[in-house]
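Visitor: I would like a close look at one helix and its surroundings. Please take me through the residues there, then through the charged pairs.

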Amino acid sequence: MTVQPSKSVTSIDEIDPDAPIFDPAAFRLNGEQAAIIATARELGQRVFAGRAAAYDREAKFPTENYRDLHRAGLLGIAIPKQHGGLGADYQTYALAAAEIGRYCGATALTWNMHVCSTLWSGPLADDLEMDDATRAEHERRRAVHYRRIVADGAIYSQPFSEGGAAAAGGVAFGTEAKPIKGGWLVNGKKIFASLSGHADYYGVLCTEIAEGEKASRRNTLYLAIPAKTAGVSVVGDWDPLGMRGTVSRTLLFKDVFVAEDAALMPRGVYFQAAMRWPHMFLTLSPTYVGLAQAAYDFTVRYLRGEVPGTPPVKRRMYPTKQIAVAQMQIKLEQIKAIWFQAVSEARANPTKEQVLRAYAAQYSAMEGANELSTLAIRTCGGQAMLKSLPLERIYRDSRCGSLMLPWTAELCLDRIGREALYATGETDD
Ligand SMILES: Cc1cc2nc3c(=O)[nH]c(=O)nc-3n(C[C@H](O)[C@H](O)[C@H](O)COP(=O)(O)OP(=O)(O)OC[C@H]3O[C@@H](n4cnc5c(N)ncnc54)[C@H](O)[C@@H]3O)c2cc1C
């Protein structure tokens, strides 16, 4: 399949630039942040938006978009500047990812898996405890990953789901890494592995376990396994409701030798991160903030009779439409406000209030994006949900947000309710 720009766009110069989701002045972003986020928005609007329908239709990985992300420096968005990256912090990355999600959900979601390999091993790991020797070794190892990404455009994925309780954080990962001379032998299976068959490195979460030892979450390893290593295979098909371009098939690891230097985090550091840097799991949400904005943008343009490829019929004069748009705008601002606060205060050792807010922000973005697109379809009407327009794809993509472990909508509700009512260690006995 050849991916072509949308027929409705004759020249990219004819597109009026969209306003940023988060206006830099209103949200007090500095010039450097605003520039990175603008790069993401412009690439999304001018290039990715036109390709999104074809990736979705064919459930095809957005390879062309990844070449453009590399050219724009965005594969290395969270890589420190001294290693050739853009040096973005957590907040800047999140805001840029929302802009990409606005135009292509599957690109934003998979880009998140890629960026997390550098965000978690980078600024986030810098906040965690390591002795000097371990930190020096980590610095040397991550420089190798940085080089691959910046120079060669290498793509990383992040398969941790296994179909059991591990991805929700309940038990140790069932994928096991047995220590052997010079590295590990990895065996296991990952389901819903976005970018499978397309990433150059699979950033696999697994449990280091020596002969006769019991599996423990404390011994979680985060290993970048080269996709072409003997024993790695991609199986199963991929024909889902939404986020079709993520190509989240099943990965199998059978006696895969992984060298010590493949560790994206030193021993014990992933566990420490999961305990002390919980916002690491909020990074799936920016895509859906972008989709929420996209549903709203579409509705306003459609009711004004301004969506390219549709007759210039205005529907904005009906009071019911105006009320629906008002409800959408209120919902969108609520999502943006709580989410902006949560991504702005992400750090090591957050307070209980900040953690509860992070869950609430995740829930608001994931459920809210779908609520907005549901309302958009009802308000715009039948002609607006045809496959020739982006709204029905936004609707399907947005439905997938609540399902993302470890912070699914249900689990966010569970945690907020429990943690609001019980102090750590408190019981009713
Ligand atoms: C488009 C898409 C892309 C994805 N990409 C990736 C990826 O790149 N990497 C990756 O690792 N995963 C990925 N996932 C997987 C995702 O994070 C989940 O792991 C997956 O959707 C879980 O599906 P399941 O049916 O096995 O869920 P189940 O484990 O059966 O859970 C079903 C629901 O039950 C609830 N639940 C689960 N565990 C508990 C618990 N302990 N207590 C209470 N309630 C619980 C949750 O709300 C969950 O949604 C992707 C999923 C989708 C839809």
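Guide: What follows starts with one helix and then turns to salt bridges. Keep in mind that this is a predicted model.

Start with helix α7. The helix spans residues 286-303, and Phe298 lies in it. Is Phe298 buried or exposed? The relative accessible area of Phe298 is 6%, so this residue is buried. The cut-off for buried is under 20%.

Now look at what surrounds the Phe298 side. Leave out residues up to four places away in sequence, and Phe298 touches Val307, Cys380, Ala384, Leu389, Pro390 and Leu391. Ile394 gives a sense of the distances here. Along the sequence, 96 residues separate Phe298 and Ile394. In space, their C-alpha atoms are 9.9 Å apart.

Stay in helix α7 for a charged residue. Arg301 forms a salt bridge with Asp18, side chain to side chain, at 2.4 Å from N to O. This pair links distant parts of the chain. Arg301 sits in helix α7, while Asp18 belongs to the segment before α1 (31-58). The two are 283 residues apart. Their exposure can be read one by one. Arg301 has a relative accessible area of 33%, so it is partly exposed. Asp18 has 7%, so it is buried.

How many salt bridges does the count come to? By the distance rule, the count comes to 28. Two other pairs deserve a look.

Take Arg102 and Glu99. Their side chains meet in a salt bridge, with N to O at 2.9 Å. Arg102 is buried, at 7% relative accessible area. Glu99 has 1% relative accessibility and therefore counts as buried. Both values fall under the 20% cut-off.

Next come Arg141 and Glu137. Their side chains form a salt bridge at 3.6 Å, N to O. Where do these two residues lie relative to each other? Both are in helix α5, residues 132-152. They are four residues apart, so about one helical turn separates them. Arg141, at 10% relative accessibility, counts as buried. Glu137 is partly exposed, with a relative accessible area of 34%.

Salt bridges can also share partners. Asp56, Lys387, Glu392 and Arg396 are joined in this way into one network.

To return to helix α7: Phe298 is buried there, and Arg301 in that helix is partly exposed. Phe298 has contacts that include Cys380 and Leu391. Arg301 pairs with Asp18 in a salt bridge.

How values were computed: Residues numbered from 1 in each chain as written. Predicted model: local features only at pLDDT ≥ 70, side-chain atom pairs only at ≥ 80, totals over all residues. Heavy atoms only, no water. Buried < 20%, exposed > 50% of the residue type's maximum accessible area, 1.4 Å probe, protein only. Contact = heavy atoms within 4.5 Å. Salt bridge = Lys/Arg side-chain N within 4 Å of Asp/Glu carboxyl O.
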